[in-house]
Amino acid sequence: MKRSRINQIMAEAGDMIRRYGFVLPPFAHWTPEEFVSQKDAARHVINARCGWDITDYGDGRFDEMGLFLFTLRNGLLGDLQRGGGMCYAEKLLISKQDQLSPMHTHVIKAEDIINRGGATLVVELFGSDDDGNFAEDRGGVVMCDGIKRNYAPGEKLRFEPGESVTLMPGDWHAFWGEGGDVLIGEVSTVNDDETDNIFREPIGRFADIEEDEAPTHLLVSDYRKWLG
């Protein structure tokens with residue numbers, strides 16, 4: 001992805017987030033230079049990989065297959081492993097109309113996916129085999145706003161603003177916006193996007209970036225280069 005396109009997506013996402021009454025934390029607005037100057041105080045933000053995240057899954061077709069994310073808060077895997085401390089995470093996502101977030105599951109993370117505003121959120125679901133692999137012939141059980149619901153293999157559940165689904169490790173899922181763009185909330189156990197996303201197809205989690213202009217704000221994938 002071109003950095004200029006990423007900067008444009010950030011600006012558009014910020015407008016949509018504000019339109020639905022959400023306000024991003026102050027560090028979201030730091031320039032790269034401000035982030036560098038604050039990196040010691042912001043060490044938890046950096047280590048927990050909070051912040052901007054825009055991906056085309058390395059495929060180069062963001063409008064067809066991609067996702068906007070902003071991690072608002074996140075614990076560390078060590079907290080989860082010892083069973084105490086900050087064992088949770090929260091994100092805002094934007095899934096554009098017909099923009100696929102491809103089929104994947106998680107080994108560790110359980111998550112609530114919440115339609116926070118906009119159009120209809122479609123979630124396509126499959127179950128796992130006995131080894132946790134994608135199973136085209138298996139369904140499963142999820143909770144929709146706390147209510148148990150069985151799903152058939154490949155069933156597409158639709159969620160209007162205010163509705164949600166709880167996905168557990170082994171629930172294979174893909175999602176997209178139907179009829180327009182959707183602002184999504186995600187509340188989960190500790191989030192580790194580097195190791196805990198298992199995709200059905202061999203794709204990447206992060207975008208390859210062409211630096212055609214300076215970044216407006218750093219992505220979480222920029223932290224190692226800029227912040228160490």
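In the predicted model, Trp52 is buried, with a relative accessible area of 6%, and Phe70 is likewise buried, at a relative accessible area of 0%. The rings of these two residues form an aromatic pair in an edge-to-face arrangement, with 5.1 Å from centre to centre and an angle of 90° between the planes. Because Trp52 belongs to strand β1 (residues 51-55) and Phe70 to strand β2 (residues 67-74), the pair ties together parts of the chain that are 18 residues apart in sequence. The count of aromatic pairs comes to nine, and ring pairs link Trp52 and Phe70 with Phe27, Trp30, Phe35, Phe68 and Tyr223 into a cluster.

Another aromatic residue, Phe206, has a charged partner, in that Arg205 lies over the face of the Phe206 ring, at 4.7 Å from the ring centre. Arg205 is also a member of a network of salt bridges in which it is linked with Asp53, Lys91 and Asp193. Phe134, for its part, lies in strand β6 (residues 134-135) and has a relative accessible area of 17%, so it counts as buried, the limit for that class being under 20%. Phe134 and His173 are 39 residues apart in sequence, and their C-alpha atoms are 9.9 Å apart in space.

With regard to the overall fold, the protein chain has five helices and twelve strands. For a chain of 228 residues, a compact globule would have a radius of gyration near 17 Å, and the 17 Å found for the protein chain agrees with this expectation. The C-alpha trace spans about 50 × 45 × 35 Å along its principal axes, and buried residues make up 50% of the 228 residues in the chain.

A search of the whole structure finds 19 salt bridges. One of the pairs is formed by Glu186 and Lys109, whose closest N and O atoms are 2.9 Å apart. This pair links distant parts of the chain, with Glu186 placed in strand β11 (residues 172-189) and Lys109 in the loop between β4 and β5, at a separation of 77 residues. Both Glu186 and Lys109 are buried.

Other salt bridges involve residues with greater solvent accessibility values, as listed here for each partner: Asp130 is exposed, with a relative accessible area of 70%, and its side chain meets that of Arg138 in a salt bridge with an N to O distance of 3.1 Å. Arg138 is partly exposed, with a relative accessible area of 33%. In a further salt bridge, between Arg149 and Glu155, the closest N and O atoms are 3.6 Å apart. Arg149 counts as partly exposed at 35% relative accessibility, and Glu155 is assigned to the partly exposed class at 25%.

The surface also carries a nonpolar patch, formed by Leu77, Val107, Ile108 and Ile198, which together have about 310 Å² of accessible area. Within this patch, Ile108 lies in the loop between β4 (101-105) and β5 (111-128), the loop that also holds Lys109. Ile108 has a relative accessibility of 42% and therefore counts as partly exposed, a class that runs between the 20% limit for buried residues and the 50% limit for exposed ones.

Backbone geometry was examined as well. Most residues other than glycine have a negative phi. Asp98, although not a glycine, has a positive phi of about 60°, and this residue is placed in the loop between β3 (88-95) and β4. A positive phi, of about 55°, is likewise found at Asp145, which is not a glycine either. Asp145 has its place in the loop between β7 (140-144) and β8 (147-151), where it is partly exposed, with a relative accessible area of 42%.

Technical notes
Residues are numbered from 1 along each chain as its sequence is written. This is a predicted model: local features need pLDDT of at least 70, side-chain atom pairs count only at pLDDT 80 or more; totals for chains, interfaces and linings use all residues. Side-chain values use heavy atoms; hydrogens and water are left out. Rings of Phe, Tyr and Trp (its six-membered ring) pair if their centres lie within 6.5 Å; planes under 30 degrees apart count as stacked, over 60 as edge-to-face and the rest as tilted. Helices (H or I, at least four residues) and strands (E, at least two) are DSSP runs, numbered from the N terminus. Buried means under 20% relative accessible area, exposed over 50%, partly exposed in between (1.4 Å probe, protein chains only). A charge sits over a ring if NZ of Lys or CZ of Arg is within 6 Å of the ring centre and within 35 degrees of the ring normal. Patches are made of residues with over 30% relative accessible area and no salt bridge: like charges are joined within 9 Å, nonpolar side chains (Val, Leu, Ile, Met, Phe, Trp, Tyr) within 5 Å. Accessible areas come from the Shrake-Rupley method with a 1.4 Å probe; for residues, only the protein chains shown count as cover. A salt bridge is a side-chain nitrogen of Lys or Arg within 4 Å of a carboxyl oxygen of Asp or Glu. The radius of gyration is taken over C-alpha atoms; the globule rule is 2.2 Å times the number of residues to the power 0.38.
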